[in-house]
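Hi,

Here is the structure I promised to send over. Have a look first, and my notes follow below.

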Amino acid sequence: MKLLHTSDWHLGRSFHGVGLLGAQAEYVDHLVEVVRSEGVAAVLVSGDVYDRALPSPDAVALLSDAVTRVIDAGAQVVLSSGNHDSAIRLGFASDLLSRAGLHIRCEVSSVGRPVLLDDAAVYPLPYLEPAAATVTDELGVERRTHEAVLGAAMERVRADAAARGPRTVVMAHCFAGGGLTSDSERDITTGGVSMVPAEVFDGVAYAALGHLHRPQQVAPTVRYSGSPVAMSFSEAGHRKGSLLVDLAEDGSVHVEQVMAPVHRELAVLRGDLADLLGSRAHEAAESAWVQATLTDPVRPVGALDRLRERFPHLLQLRFDPVGAATPVRTYASRVERRAPIDVCCDFVADVRRGHEPEQAERDLLTAALEAGRRRQDVAEDLGRTRRRGAA
């Protein structure tokens with residue numbers, strides 16, 4: 001039996017202001033083709049289906065399209081909630097939808113109740129927020145930690161799985177010990193210590209985890225599929241995709257990564273402005289989403305516009321000046337008994353790490369100060385007139 005393990009779709013996510021819905025739609029197209037070509041029995045989505053608790057209409061429409069096409073291609077779909085999802089919204093009409101092959105598990109009360117696929121049992125665990133799980137006392141735990149609530153959930157799973165045979169799979173959304181993070185995951189420490197040992201998932205043939213966006217294996221049968229689309233520049237170089245899990249009759253598993261299409265590559269560049277604009281080594285980044293860090297000792301004027309002429313998809317510009325340190329004076333010492341225009345010029349020089357404004361810029365600042373002074377004078381005259389009229 002073949003299962004396709006995926007997670008962290010984050011439908012509706014944006015990447016430095018650029019919407020990812022187009023890239024996510026490309027992944028859905030790819031997913032449907034894999035289901036057909038590999039004869040996948042079920043697609044497992046281990047949490048963070050949406051990027052926010054109240055998803056946009058476009059994100060909801062994409063999920064509807066995705067599950068409909070996957071089921072039409074011959075596979076069932078099993079969704080479990082993540083820390084980004086609203087359990088109530090994601091789980092709407094779940095009992096009815098399960099009759100059509102879409103199985104959604106968002107409630108603590110569903111823990112230990114499997115989705116049966118022939119002689120295989122899949123146990124989707126919803127995201128278990130420790131505070132909520134302990135307050136409702138659904139799992140009978142007192143300690144507000146992820147390890148405690150997941151441990152109690154797995155006890156229920158193992159108790160049921162003991163009578164099901166060797167082909168058992170659990171789905172969970174958590175931070176398992178040994179996993180490597182990226183910058184795009186939301187912290188889940190609220191409500192207790194976040195990390196859980198990978199050993200908590202002992203007793204099943206395979207654990208299909210979500211939450212960490214880097215695909216990785218944290219124990220022999222415990223894996224993260226990672227997100228199918230990159231969501232931060234820290235994910236540059238990640239091999240994005242899904243995990244094709246071949247579950248044998250004896251419970252042994254063979255796992256193979258299926259690469260996802262890359263909507264646009266990521267490029268992380270570092271150097272001075274002349275190097276980034278002139279070096280042929282950066283030609284591949286001209287079509288990529290780019291994060292650039294400038295190392296010029298003085299912040300170059302118009303750097304963003306100049307870089308975008310070469311890298312039209314530049315999304316993030318950072319500065320990390322190198323070279324001789326510029327003498328620093330306190331703000332109070334610089335403004336003491338200084339003319340307003342000199343204060344403005346000092347500010348510009350400070351922002352530019354010592355580069356003084358040119359004469360044209362100084363003239364522009366002078367004109368702005370004069371205009372502001374005239375407006376203030378008019379306002380004061382108007383105020384005095386109104387006060388005299390009131391008197």
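Which residues of β8 are buried on one side, and which on the other? One face holds Ala120, Val122 and Pro124, while Ala121 and Tyr123 sit on the other, and all of them are buried. Before you read on, please keep in mind that this is a predicted model.

So much for the opener; here is the rest on that strand. β8 covers residues 120-124, and five of its five residues are buried, so it counts as mostly covered. On one side it has strand β7 (residues 115-117) as a partner: the two run antiparallel and are joined by three bridges. If you want a pair to click on, Val115 has Val122 in β8 as its bridge partner. The hairpin of β7 and β8 leaves two residues between the strands, and in it Asp118 takes a positive phi near 55°.

β8 also pairs with strand β9 (residues 168-173), this time in parallel, through four bridges. In that pairing, Ala121 stands opposite Thr168 in β9.

Next, the pocket. The largest one holds about 400 Å³ of space. It is lined by 20 residues, and those closest to its centre are Ala87, Tyr127, Leu128, Glu129 and Ala132. Which helix gives the most to that lining? That would be α5 (residues 130-136), which supplies three residues. As for the chemistry of the lining, you get nine nonpolar, five polar and six charged residues.

Further along the chain, there is an open sheet of three strands, ordered β17-β18-β19, with parallel pairing. Its edge strands are β17 (266-271) and β19 (314-319), each of which pairs on one side only. On average, neighbouring strands in this sheet are turned by 15° against each other, ignoring direction. Between β18 (residues 289-294) and β19, which run parallel, there are five bridges. A pair to look for here is Ala292, which stands opposite Leu317 in β19.

What packs on this sheet? Helix α8 (residues 303-310) does, touching both β18 and β19, and its direction makes about 135° with that of β19.

If you open the model yourself, I would begin with β8 and its two buried faces, then move to the pocket around Tyr127 and Glu129, which are among the residues closest to its centre, and finish with α8 on the sheet.

Cheers

Conventions:
Residues are numbered from 1 along each chain as its sequence is written. This is a predicted model: local features need pLDDT of at least 70, side-chain atom pairs count only at pLDDT 80 or more; totals for chains, interfaces and linings use all residues. Side-chain values use heavy atoms; hydrogens and water are left out. On a 1 Å grid over the protein atoms alone, a cavity is a set of points where a 1.4 Å probe fits but cannot get out, and a pocket is an open set with protein on both sides within 12 Å along at least five of seven lines; lining residues have an atom within 4 Å of a point. Grid points are joined across faces, edges and corners, and a volume is the space filled by probe spheres set on the points. Ala, Val, Leu, Ile, Met, Phe, Trp, Tyr, Cys and Pro count as nonpolar, Asp, Glu, Lys and Arg as charged, and the others, Gly among them, as polar. Buried means under 20% relative accessible area, exposed over 50%, partly exposed in between (1.4 Å probe, protein chains only). Two strands pair if DSSP finds at least two bridges between them. Axes are lines fitted to C-alpha atoms, for helices over the stretch in contact, and angles run from 0 to 180 degrees between N-to-C directions. Contact means heavy atoms within 4.5 Å.
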